[in-house]
Amino acid sequence: MPERLMNVTLITGFLLMGFPDDQVLQRLYAALFSLIYLAALMGNLLIITLTTIDQRLQSPMYFFLKNLSLIDICYISVTVPKSVMNTLTNSHSISFMGCASQVFLVLVFASTEFALLLVMSYDRYAAICCPLHYEAIMNRGSCVQMVTASWFSGGVYGSIHVAGTFSIHFCDSNIVHQFFCDIPSLLTLACPGEQILEYVFIIVSCCFVFVCFTFMVASYVYIVSTVLRIPSSQGRFKTFSTCMPHLTVVTLFFSSGFIAYLGLNSKSPSSLNLFMSVLYSLLPPSLNPVIYSLRNRDVKVALGNFFGEK
């Protein structure tokens, strides 16, 4: 026991060392991250603007899309500006509270986005499988309640995990081999046996996510079976095309998160770790507006009208 206590380090801050030591590569990554961040910011702000001012984009689907864009802006803003600033100032430090805040906010926005994607799949199910009752099911009050529940669940999820992660003791090192604070990287710094509580939270969370994902899959099974009963091929394509942006976003969100969190997180810097973290933290927020604008006819029309007026 005394030997274990001697190895415990009182951590007051962390060093984010996700980038290579080469200064040129660090500047290159900072420039690339800045461009991706600006693209995500402009794309999501444009979606929010269009769904607010265009009268044809006032249905529940676009109300959820507006909230998804807001979440994406918040999600990418938690990690990228701090990382770029650290690189430009050649400072890799982040305070203990700053690191805890990053973990909390990343989890809040990621889990809120997951909950909102689940709500959006239910919206598509109601629109296609229950068209006569759609307006009653997805009325304004119900939509607001679903979005509120998504944010609340994200807050609870983030609180549980940040409590589990920062209740552990850290041994020997305060170097996080990542460009932001995330749970897998922090758990590699924990003293032996200290990670059990957080691992329990992760296992329970995975089970809950699996149940929610099952509901999402079930909704699309019903959607596909309903679409296949439409007599004309043009009608089938037109109906199912309303689901394609959501399906693409869900696939991107789940695949990037799955690869990142089930991949091996080593205690030493690696290009693979950096790539996986970029995959789930930068790609979804930056590509979601592109996916919805390219695959959605109403958004493209609103986009054309918006810039036509300008």
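Colleague: How far does helix H6 reach from its first C-alpha to its last?
Modeller: This is a predicted model, where local features need pLDDT of at least 70 and side-chain atom pairs 80 or more, while totals for chains, interfaces and linings use all residues. Residues are numbered from 1 along each chain as its sequence is written, and side-chain values use heavy atoms, leaving out hydrogens and water. H6 (a DSSP run of H or I, at least four residues) covers residues 140-165, 26 in number. At 1.5 Å times one less than that residue number, 38 Å is expected, and the helix comes close to this with its own 38 Å.

Colleague: Is His 161 buried or exposed?
Modeller: His 161 belongs to helix H6. Its relative accessible area is 2%, and under 20% counts as buried, over 50% as exposed (1.4 Å probe, protein chains only). Therefore His 161 is buried.

Colleague: And which residues does His 161 touch?
Modeller: Touching takes heavy atoms within 4.5 Å. Leaving aside residues up to four places away in sequence, His 161 meets Leu 107, Ile 183, Glu 198, Phe 201, Ile 202 and Ser 205.

Colleague: What covers the buried residues of H6?
Modeller: Those buried residues include Ser 142, Met 146, Gly 154 and Val 162. Their cover includes helices H3, H4 (96-129), H5 (134-137), H7 (183-187) and H8 (196-228).

Colleague: At what angle do H2 and H3 pack?
Modeller: H2 spans residues 23-53 and H3 residues 60-88, with axes (lines fitted to C-alpha atoms over the stretch in contact) 9 Å apart. H2 is roughly antiparallel to H3, because over 145 degrees counts as such. The angle is about 160°.

Methods:
Axes fitted to C-alpha atoms, helices over the stretch in contact; angles between N-to-C directions. Helix = DSSP H or I, 4+ residues; strand = E, 2+ residues; numbered from the N terminus. Parallel < 35°, antiparallel > 145°, perpendicular 65-115°, else oblique.
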